[in-house]
Amino acid sequence: LMVGVTDKTFAPDVSTTRAMIVTILYRLSGSPAADDSSSFKDVPKGSWYSKAVAWASKNGIVSGYGGGKVGPNDRITREQMAAMMYRYAQFIGMDTSDRADISSMPDAGSISGWAKEAMAWTYARGMIVGIPQSDHVTIIEPKGNATRAQVAAIIYRFCENVSG
């Protein structure tokens, strides 16, 4: 589902891009036949992620930012990752009704309105977990960039504990 950034380097602390996430989900679905063109202005035909973006858009997993852009090279935030995982789960027919009460997290108020249900679901299902801070404080960090290591863990938890 994920490959290294080179033949010998995984780069676990590097931020993951939105194109990387849709490509992972596309591969998780078996890389189904997809058109190479996308309605997004910032997805060049023939790019390594164009089929994945077109597939994800067609299936409601990614909708873009508006203005015809999806931001394939933008670093993905944890709340964007949660939203894509939530929509992917719905796409494959999973029950997405679980919700965790994450209101006690110190940064819960910074979760975007469009991501609240997805964050609560991914937290309830154990995919996205809190990040320990000093003095026994745990944050959800919705606006933080998801590293490749975090993404690998989220995808692993999804495959092992949620979908399987």
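**Figure 1. Helix H1 in the lining of the largest pocket.** In this predicted model, H1 contributes the largest share of the lining of the largest pocket, 4 residues. The helix spans residues 18-28. The volume of the largest pocket is about 170 Å³. Its lining includes Met20, Thr23, Ile24 and Arg27. Leu1, Met2, Val3, Gly4 and Val5 also belong to the lining of this pocket, as do Trp48 and Arg148. By residue class, the lining of the largest pocket has 7 nonpolar, 2 polar and 2 charged members.

**Figure 2. The salt bridge between Lys143 and Glu79.** The structure holds 3 salt bridges, and one of them is shown in this view, formed by Lys143 with Glu79. The closest N and O atoms of Lys143 and Glu79 are 2.9 Å apart. Lys143 sits in the loop between strand S2 (138-139) and helix H5 (148-162), and Glu79 sits in helix H3 (residues 78-91), so the pair ties together parts that are 64 residues apart in sequence. Lys143 counts as partly exposed, at 43% relative accessibility. Glu79 counts as buried, at 3% relative accessibility.

**Figure 3. The surroundings of Glu79.** This view shows Glu79, placed in helix H3, with the residues it touches. Glu79 is buried because its relative accessible area is 3%, and buried means under 20%. Leaving aside residues up to four places away in sequence, Glu79 touches Ser110, Ile111, Ser112, Trp114, Ala115 and Met119. Pro142 and Lys143 are also touched by Glu79. Lys143 is the salt-bridge partner of Glu79 in the preceding view.

**Figure 4. The salt bridge between Arg125 and Asp98.** The side chains of Arg125 and Asp98 meet in a salt bridge, with an N to O distance of 3.6 Å. This pair links distant parts of the chain, 27 residues apart. Arg125 lies in the loop between helix H4 (116-124) and strand S1 (131-132), while Asp98 lies in the loop between H3 and H4. Arg125 is partly exposed, with a relative accessible area of 24%. Asp98 is partly exposed, with a relative accessible area of 34%.

**Figure 5. The salt bridge between Arg99 and Glu117.** Arg99 forms a salt bridge with Glu117, and the closest N and O atoms are 3.2 Å apart. The pair links distant parts of the chain, with Arg99 in the loop between H3 and H4 and Glu117 in helix H4, 18 residues apart. Arg99 is partly exposed, with a relative accessible area of 36%. Glu117 counts as partly exposed, at 47% relative accessibility.

**Figure 6. The backbone at Ala11.** Ala11 is not a glycine, yet it has a positive phi of about 60 degrees. The residue is placed in the segment before helix H1. Ala11 is buried, and its relative accessible area is 13%.

**Figure 7. The backbone at Ser31.** Although Ser31 is not a glycine, its phi is positive, at about 50 degrees. Ser31 is found in the loop between H1 and helix H2 (50-58). At 38% relative accessibility, Ser31 is counted as partly exposed.

Technical notes: Residues numbered from 1 in each chain as written. Predicted model: local features only at pLDDT ≥ 70, side-chain atom pairs only at ≥ 80, totals over all residues. Heavy atoms only, no water. Helix = DSSP H or I, 4+ residues; strand = E, 2+ residues; numbered from the N terminus. Buried < 20%, exposed > 50% of the residue type's maximum accessible area, 1.4 Å probe, protein only. 1 Å grid on protein atoms, 1.4 Å probe; cavity = no way out; pocket = protein on both sides within 12 Å on 5 of 7 lines; lining within 4 Å. Points joined across faces, edges and corners; volume = space filled by probe spheres on them. Nonpolar A, V, L, I, M, F, W, Y, C, P; charged D, E, K, R; others polar. Salt bridge = Lys/Arg side-chain N within 4 Å of Asp/Glu carboxyl O. Contact = heavy atoms within 4.5 Å.
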